[in-house]
Each structure stands twice: as C-alpha cells, then as structure tokens.
There are 2 protein chains.
Amino acid sequence: MLSENKFSTIKDILREMNTVDIAQTISEADPENQVKIFRLLPKDSSAEVFSYLDSDTQETVINSITNVEVHNLVEDMFIDDAVDFLEEVPANVVTRVLAQTSRETRDTINKFLRYPEDSAGSIMTVEMAAFQETSTVDEAIDELRRTAQDKESIETCYCLDKSRKLVGSLPLRKLIVARPDKVLSDIMYDDDQLICVNTLDDQETVAEIVRKYDLLSVPVVDNEHRLVGIITIDDIVDVIQEENTEDFEKMALLLPSEDDYLKTGVFRLTKNRIVWLLILMVSATFTGRIITSFEDKLAVYTALTACIPMLMDTGGNAGNQVSTLVIRGLALGSIKPKDYFKILWKEIRVAVMCGLILAAANFARMFLLSKIPFFQTETNISVFLVVCLAMVGAVIVAKTIGCSLPILAKLLHLDPALMAGPMITTIVDALTLLIYFGIATVFITKGILVP
Amino acid sequence: MLSENKFSTIKDILREMNTVDIAQTISEADPENQVKIFRLLPKDSSAEVFSYLDSDTQETVINSITNVEVHNLVEDMFIDDAVDFLEEVPANVVTRVLAQTSRETRDTINKFLRYPEDSAGSIMTVEMAAFQETSTVDEAIDELRRTAQDKESIETCYCLDKSRKLVGSLPLRKLIVARPDKVLSDIMYDDDQLICVNTLDDQETVAEIVRKYDLLSVPVVDNEHRLVGIITIDDIVDVIQEENTEDFEKMALLLPSEDDYLKTGVFRLTKNRIVWLLILMVSATFTGRIITSFEDKLAVYTALTACIPMLMDTGGNAGNQVSTLVIRGLALGSIKPKDYFKILWKEIRVAVMCGLILAAANFARMFLLSKIPFFQTETNISVFLVVCLAMVGAVIVAKTIGCSLPILAKLLHLDPALMAGPMITTIVDALTLLIYFGIATVFITKGILVP
C-alpha cells in the first residue's frame with residue numbers, strides 16, 4: 001500500500017492497531033519504509049510506538065527525521081523508555097538527541113544515564129503520582145484528574161512530607177472510596193507496610209521484593225529517603241526474564257551476553273564460549289592421568305574400557321539433576337545454605353536408591369547383551385559386578401558433589417549457577433574413574449576378576 | 001511473647017506489619033502458635049494473610065478454627081486465592097470448607113476447579129471492574145467508588161454490551177480525566193487494540209501476551225466472548241517463574257514437579273530422576289559397542305584411551321552451550337524454526353573457530369605434559385595429531401547437533417527443553433568416538449601412527 005501511496009488508508013489501519021503490533025510491523029519493514037510508516041502514525045501514539053521498536057530501527061528512524069520531530073518525540077516519551085533507547089544507540093546519535101531536548105528533560109536523562117547498569121535507578125521512571133501528605137482526598141483526586149494522562153502507573157500513589165521524603169503509600173482504590181475531606185496522612189499506609197528500594201539497589205533485589213509482596217509498582221528513594229521515581233511491574237517482568245536467561249547461560253558455561261543471538265557476530269559468540277571450554281578441557285588432564293595409570297590393566301581386561309563412557313555419563317547426569325535443583329532453589333530462595341545437611345542426607349538416600357536401580361538395570365542389560373553376538377560384550381559375570389558396584393558409587397558421589405558445590409559457591413559469594421552440569425561432570429568424571437578402577441583393582445587382587 | 005500472653009502487644013505489632021511478612025512469620029512458627037497468631041490478626045487482613053500462607057500451614061489453620069470462622073475467611077478471600085488454596089489441600093478439608101461457604105461462592109469455586117490445570121480460567125479472578133458501555137463516566141466512577149475495595153485490580157476497567165460480551169477496555173487514567181457526561185463507548189479502546197484471552201488458553205500463552213503488550217491485567221472471555229474474569233500481572237509473574245523452573249528441570253532431565261524440594265520425599269525424588277537416567281544409561285550401550293569394536297587397537301595404542309574422556313566432555317560441553325542458547329531463544333520467541341539455516345551456518349563457523357583454538361591449546365597441553373614425568377603421557381607427535389583433529393571434528397558435530405535437535409523438537413511439537421545438555425551429550429559422545437577412531441584408523445593404515 002505504501003508503494004501505491006494509499007496514505008489515508010494506512011493511517012486508518014494504524015489508528016486501529018495496538019502500539020506493540022505497529023512497532024513489530026515497522027521493525028519488520030524495509031528501512032526506507034520504516035520512516036514512512038512512522039510518519040503516518042497519529043501524533044499521540046508515535047512516542048509509545050517508538051519505545052517498542054528495536055534499537056536498530058530506532059536509530060534508522062532518528063537519523064531520518066527532523067530536529068523538531070526529534071524534540072517532540074523525546075519529550076513525549078516516558079523517561080525510562082528514553083533512557084533505554086539512548087543506552088543502546090551510538091554516541092553521535094545520543095549527542096544529537098540530547099541537543100534537541102529541553103534543558104529539564106536533558107538533566108533528568110543525564111541523571112539516569114549516570115546510575116550504575118542494572119541498578120534500580122537505571123530502570124525506574126519519574127512519571128509517578130505523588131502528593132503532599134497534608135493534601136485532602138478531594139485535592140489529590142483533582143490533581144490526579146489533571147495529570148493522570150502523563151503517569152506511567154496510578155494504581156498506587158505515594159505521599160511525601162514537606163522535604164519530598166516518602167512517608168506513605170496509598171492504593172488508588174483506597175483514595176477514591178475515601179471521604180473527600182479526609183487528609184491523606186490519615187488514610188495512607190506508612191511504617192512497616194511501606195516498601196521501597198534505594199536507587200542503587202540491584203535490579204534483581206527489586207524484582208525479588210516486587211514478587212514477594214505482589215506489588216504493581218515499588219517506590220525508589222535516594223539516600224535521604226526522598227522519592228525519586230517508581231519501578232513498575234512490567235519492567236520487573238523483563239528483569240526477571242533477563243536474570244533467568246543469565247542463569248541459563250551461566251549454567252551452560254557461556255559468558256552472559258545481553259545481545260540478541262541472531263545479531264551477535266561469530267567472533268563474539270566464539271569469545272563467549274571458548275573460555276570455559278578451554279578451562280574444562282585442561283581440567284580433563286586429570287581424568288587422562290587416572291586412565292594412564294590404569295593403562296596396563298585396561299590392556300588386559302579390555303571389557304572394562306567399553307563401560308567408561310556409560311559410567312561417566314550416568315555420573316554426570318545424576319550430578320547435573322541435583323545441582324540444577326539446588327541452583328534453582330537458591331535463586332528462588334526456597335533453599336538456603338543452612339538447609340545443607342538436610343539436603344545432603346536426602347540426596348544420599350536418593351543416590352543409594354537411584355544407584356541400586358541403575359545397577360540392577362545395568363546388570364540385566366549387560367546380561368541380555370552378552371547373549372546377542374553383535375554387541376560382542378563380555379560374558380564374564382565378575383566384569384558385570386565391577387561395573388554395577390562402580391555405578392552405585394558414581395551416583396552417590398555425583399549426588400553429593402552436585403548438592404554440595406552450588407551451596408559452597410553461595411557461601412563463598414560466587415554465583416551458584418556456575419556449579420551446574422558441565423562443571424559437575426568434569427569433577428564427577430575423575431572421581432567415577434577412581435572408584436571404577438579401585439573396585440576393579442580389588443577384584444583383580446582377590447583373583448575374582450581374571451582376563 | 002505468646003507464652004507470656006501479651007496478646008494486645010502482639011496485636012499492635014501485627015497491625016503495623018505487612019501481610020506477606022505476617023504470613024512468613026506464621027509459617028515459621030510452631031504449629032500450636034500458628035493458629036494463636038492467626039486469631040490475633042485484625043479482621044480485615046486475615047483473609048489476605050491466609051492467602052500467603054503455605055498450604056501445610058493453611059491446612060493446620062483450617063483444621064483448628066470454627067465453621068463460622070471458615071465461612072468468614074473464605075468469603076473474604078479473592079476467588080483465585082481460594083481456588084489455589086483448595087487445589088492443594090486434602091479432599092476432606094475441601095469438603096468441609098465448601099460446606100461452610102455460601103451457595104454463590106461455592107458455585108464460583110466449583111466452576112474454577114473444573115478449568116483444566118494451567119489454563120487461563122484456573123488462574124483468573126472474577127473481582128474485576130466492568131461497566132455497561134452505555135454508562136456515563138460519572139456513573140462508572142460512582143460505581144467504582146462503591147465497589148473498588150473488593151476489586152483485585154482497577155488500573156484497567158472493561159466495558160460490556162447488554163449480553164455481557166466484552167467490547168472495550170478503559171484505563172482508569174482515561175476514565176478519571178474524561179468529561180463526566182461522556183458515554184463509555186465513546187472513550188473506550190475497542191477493536192484491534194482490545195487484547196483478551198480465552199478461559200481455555202494455556203497460562204504460558206497468557207504470560208507471553210501480557211509480557212509482549214506490557215499489560216497490568218488481561219481480560220478472560222468464554223467461547224461466546226463474554227467477560228468472565230481477569231488475570232493480573234502479579235499472578236503472571238508467578239507463572240513466568242514456574243515456566244522457567246520447569247524448563248530448568250526439563251533441561252536437567254528431571255520430571256517436572258511443582259512441589260517444594262525440601263518437602264518432597266525421597267521416593268518421589270528418585271522417581272522424578274530415575275526415568276531419564278535409565279534411558280540415557282541404556283543409550284550408552286552404543287558408545288560401549290563403538291569402543292568394543294576398536295578394543296584390539298586400543299590395547300596396542302594405549303595412549304588413545306586416556307584422551308577419550310577429554311574428547312567426550314569437550315564435545316558435550318560445546319553442544320550444551322549452543323543447545324541452551326537455542327532452547328532459551330525458542331522459549332522467549334527471539335529464535336524461530338525458520339531461522340534454522342542462519343543459525344546452522346553461524347554455528348558451523350563458531351565451531352570451526354572454537355575447534356581450532358581448542359586443538360591448538362590441546363596440542364600445546366599434550367606437548368608440555370609429555371615433558372613432565374608424573375603424567376606419563378605419550379611423546380608421540382602423531383598421537384597428538386589424531387587427538388587434535390578429532391577435537392575439531394567433535395566440536396563441529398557437537399555444535400551442529402546442539403542447534404539442530406531443539407529446533408527439530410519444536411517442529412515436531414515436542415518440548416525443545418528436553419534437547420539440552422544430557423541428551424546432546426549422549427548423542428555427541430557416540431559421534432565423537434566414531435570420528436576419533438576413524439581418524440586413528442586412517443593414521444594407522446597410512447603407517448603414520450605406530451605403537
């Protein structure tokens with residue numbers, strides 16, 4: 001339709017569409033059409049659509065519109081959205097945008113850009129509903145009627161004293177059912193019921209508080225307890241997803257990256273992955289050393305070699321299961337380091353049960369396979385016994401290591417997510433081999449296992 | 001203080017505390033004190049505190065209070081909280097509670113209990129603000145003033161036609177700034193801008209919609225498009241965390257479980273873990289078969305055995321990294337199956353780079369170790385070459401499998417999360433060994449590798 005210049009039809013369609021969908025349509029259009037569609041947007045929704053565009057498209061649009069358009073756009077945006085946008089684009093674009101904004105907006109944006117990354121200050125918004133605690137209900141509602149259109153959330157309003165210090169919160173529902181002549185300080189929630197965060201608090205802490213207390217927004221105060229902004233729950237949802245993604249990445253031993261996978265270059269991806277691959281490869285030296293020391297016996301009792309991968313993988317998988325549970329429990333707060341001995345005792349019992357079941361299944365498997373010529377397996381029952389005993393030992397060691405290391409990491413103030421599958425596997429591998437060869441040696445010495 | 005019967009002091013403290021904190025305190029108290037504290041709560045907050053208690057404590061409290069108290073408690077709770085509570089407690093408690101509720105509440109609760117688990121219907125609440133579209137702004141605000149106290153969220157109100165069909169949404173901010181004599185149907189958002197979900201939609205779909213459109217609540221309609229409830233974002237946050245936990249569990253090959261780890265019994269834990277451990281252990285039969293077929297050569301070229309764990313682990317780790325990225329990308333919607341060839345081409349390049357770096361590092365490692373007597377490693381350069389070439393091959397195969405299987409699972413409508421580390425490792429192990437032994441055979445045939 002753009003090529004046919006049916007602009008008024010497009011305008012009508014855009015007016016009916018949701019801003020998020022418009023943003024998606026623009027992001028997927030050709031670069032030359034992106035600006036055309038953007039300019040056809042109704043005045044009152046262009047700033048909102050702009051906040052939902054991805055940063056590449058934002059840059060394209062900004063580079064193609066006039067200074068006056070830039071000014072109007074940035075002034076219409078919520079401060080937190082403007083800051084998000086400016087954090088992602090190149091410095092020359094930031095300079096041009098800031099030059100076009102009013103002094104007041106520029107000062108606010110600059111203050112936000114100075115907050116540490118991932119702090120409450122960097123994700124808050126200043127468009128909140130706040131009243132003097134001495135106002136009456138009637139005055140507050142009047143003020144709200146005049147200003148509500150510019151607020152990001154009005155479900156909860158905040159009450160301030162004369163020096164702008166936060167003294168109470170007031171759900172809108174409580175405000176609108178109150179008697180018009182009541183003073184806010186008489187009906188607001190104060191003291192212990194007032195939950196707030198500091199500008200420098202980590203966004204993860206904020207997310208935890210919002211989730212724990214089921215808040216729709218949380219007030220942000222500075223060191224003098226003055227209200228400087230609020231963080232709304234829709235931004236918290238993004239924080240929660242980001243933190244979860246970071247945990248997934250750490251557990252797979254990737255260096256965390258905030259970039260979109262499809263847009264990340266090959267060199268960057270290689271860099272994010274190679275570090276831990278190298279570290280774990282070098283750690284495998286010890287596993288190699290253990291096998292070398294048993295080399296002579298493996299050359300004689302060849303059937304033992306074939307079972308090494310199975311024992312190592314089962315040990316690794318068993319360790320991975322429990323470390324994932326413990327890491328997730330620590331992240332959500334349902335497990336605390338003080339629960340360690342309770343967990344260890346539980347895991348040892350689970351390990352004994354899992355180990356016995358696996359050993360029995362494995363005995364049956366080896367026995368059946370020994371009847372099928374294709375698999376050419378050992379028919380010697382004493383080999384079966386060595387493998388099955390090692391299996392029980394490997395699972396017990398794996399579960400013990402798997403629940404201990406994440407908690408140890410937590411106590412050492414390291415990230416428990418690093419103690420996930422790959423790390424556990426490397427350690428459990430070496431221990432599994434020691435157990436396996438140890439049992440085999442005893443069997444050989446006692447003359448039970450013969451070549 | 002309870003033992004000293006300082007009840008009025010406790011009452012004062014409780015009045016100042018946040019309901020979530022009170023619930024936590026009660027949950028951590030001795031069973032006999034739990035009910036005592038609960039009875040000291042102010043009338044208007046006991047239902048809210050009760051919703052935040054864990055289900056064991058809820059059961060203890062319900063079993064110790066009178067029928068009249070049960071009646072008041074349930075009638076004061078939001079329907080979604082009451083349903084959550086009843087879904088967790090034993091049938092005899094459910095029967096007693098339902099017997100004490102009014103017919104109307106009981107019918108509503110029963111309707112909710114019939115919605116499929118994890119559907120929009122099962123997590124919605126019926127306490128929403130909804131008006132006839134023919135009402136005026138003034139009438140709507142008046143109604144809101146009378147009823148707001150009982151609503152779970154009033155940030156967005158909904159407009160209905162005569163047959164209770166959902167026809168529009170109206171943010172409260174828009175309502176309170178509108179002229180009092182305007183009719184709602186003139187100012188509400190309708191058509192494409194109106195986002196709603198069906199009672200039978202999966203909660204994961206609902207979470208995606210809420211996240212995409214940054215909603216604070218989403219209306220739920222039945223098959224006739226009649227408004228039956230809303231889902232608020234604080235419940236969506238819980239859904240998101242639940243879904244993330246489920247993905248973590250699936251990726252570690254645990255059967256998903258909604259129970260708290262510390263409260264789950266040993267038998268249950270064993271059951272959740274043993275299934276996949278058994279399946280993967282049996283799959284390792286193929287790896288064993290590959291080693292068996294190469295057994296004679298391994299007995300001669302003993303140095304090759306020592307490097308098996310290192311190659312297998314590195315392959316597994318490399319595959320795990322990419323499968324985690326792809327699984328997460330698919331879950332968040334940033335990767336789509338149609339991107340497959342783009343991803344594959346990217347991964348092959350990353351794999352070649354990672355493989356070469358690892359091979360070079362490994363060559364250096366083996367060369368250095370061969371100078372240290374303790375490690376007793378091979379000094380034969382051709383063994384180094386076989387291992388390093390196999391390393392490059394293993395990483396390329398691992399990255400290819402790691403990005404392909406999750407996407408294949410998605411196309412087959414299976415959960416991509418199952419194609420994570422442990423599953424990838426088992427497959428990559430077998431392929432790595434084939435490559436390793438293949439290269440070794442070529443070297444032996446050509447006379448480059450000699451015993």
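This is a short walk through a predicted model with two chains, A and B.

**How the two chains sit together**

Start with the overall arrangement. Lay chain A on chain B and you get an RMSD of 0.2 Å, using a turn of 180 degrees and a shift of 0.1 Å along the axis. The two copies are therefore related as by a two-fold rotation axis. If you want to find that axis in the viewer, look for Ala299(A): among the residues of chain A, its C-alpha comes closest to the axis, at 2.3 Å. The same surface is used by both copies, since 100% of the contact residues of chain A recur in chain B.

How many residues of each chain take part in the contact? The count is 101 residues of chain A in contact with 101 residues of chain B. On the chain A side, helix α16 (residues 266-300) gives the most, with 20 residues. Sorted by class, that side of chain A has 51 nonpolar, 26 polar and 24 charged residues.

One residue to look up here is Arg145(B), which has its place in helix α11 (residues 137-147) of chain B. Setting aside neighbours within four places in sequence, Arg145(B) is in contact with Ile176(A) and Val177(A). Arg145(B) counts as partly exposed, because it has 13 C-beta neighbours inside 10 Å. Compare its position with Phe112(B): the two are 33 residues apart in sequence, and their C-alpha atoms are 28 Å apart in space.

**The nonpolar cores**

Now for the inside. The largest nonpolar core has 134 residues, and those with the most contacts inside it are Met391(A), Val395(A), Met391(B) and Val395(B). What does Val395(B) touch, not counting residues up to four places away in sequence? The list is Thr314(B), Gly315(B), Ala318(B), Ala351(B), Cys354(B), Gly355(B) and Leu358(B). There's also a second, separate core of 79 residues, which includes Ile236(A), Met124(B), Ala140(B) and Leu172(B).

**Two small sheets in chain B**

Chain B has an open sheet of 3 strands in the order β1-β2-β3, and the pairing is mixed. β1 and β3 (166-171) stand at the edges, each with a single partner strand, so one side of each is left without a neighbour in the sheet. From one strand to the next, the twist averages 30 degrees. An edge place in the sheet doesn't leave β1(B) out in the open: 4 of the 5 residues of this strand (residues 128-132) are buried, so the rest of the structure largely encloses it.

Another open sheet of 3 strands in chain B has the order β4-β5-β6, again with mixed pairing. Its edge strands are β4 (197-198) and β6 (227-232), each pairing on one side only. Two helices pack on this sheet. Helix α14 (residues 203-212) of chain B touches β4, β5 and β6, and its direction makes about 135 degrees with that of β5(B). Helix α15 (residues 233-251) of chain B touches β5 and β6, and its direction makes about 65 degrees with that of β6(B).

Here are some of the strand pairs, each with one pair of facing residues.

| Strand pair | Sense | Bridges | Facing residues |
|---|---|---|---|
| β1(B) and β2(B) | parallel | 4 bridges | Ala130(B) and Tyr158(B) |
| β2(B) and β3(B) | antiparallel | 5 bridges | Thr156(B) and Pro171(B) |
| β5(B) and β6(B) | antiparallel | 5 bridges | Val220(B) and Gly229(B) |

As background, strands of a sheet pair through backbone hydrogen bonds, either parallel or antiparallel.

**Two histidines in loops**

Finally, a pair of backbone details. His225(B) has a phi near 65 degrees, a positive value in a residue other than glycine. His225(B) lies in the loop between β5 and β6 of chain B. Is His225(B) buried or partly exposed? With 14 C-beta neighbours inside 10 Å, His225(B) counts as partly exposed.

His413(B) has a positive phi too, near 60 degrees, and is likewise a residue other than glycine. You'll find His413(B) in the loop between α20 (381-411) and α21 (421-445) of chain B. His413(B) is exposed, because 6 other C-beta atoms lie within 10 Å, and the cut-off for exposed is 12 or fewer.

Conventions. Residues numbered from 1 in each chain as written. Chains lettered and ligands numbered in written order. Predicted model: local features only at pLDDT ≥ 70, side-chain atom pairs only at ≥ 80, totals over all residues. Pairing = 2+ DSSP bridges. Contact = placed C-beta atoms within 7 Å. Axes fitted to C-alpha atoms, helices over the stretch in contact; angles between N-to-C directions. Least-squares fit on C-alpha atoms with pLDDT ≥ 70 in both. Buried ≥ 20, exposed ≤ 12 C-beta atoms within 10 Å, placed from the backbone. Nonpolar A, V, L, I, M, F, W, Y, C, P; charged D, E, K, R; others polar. Core = buried A, V, L, I, M, F, W, Y, C linked by C-beta atoms within 7 Å.
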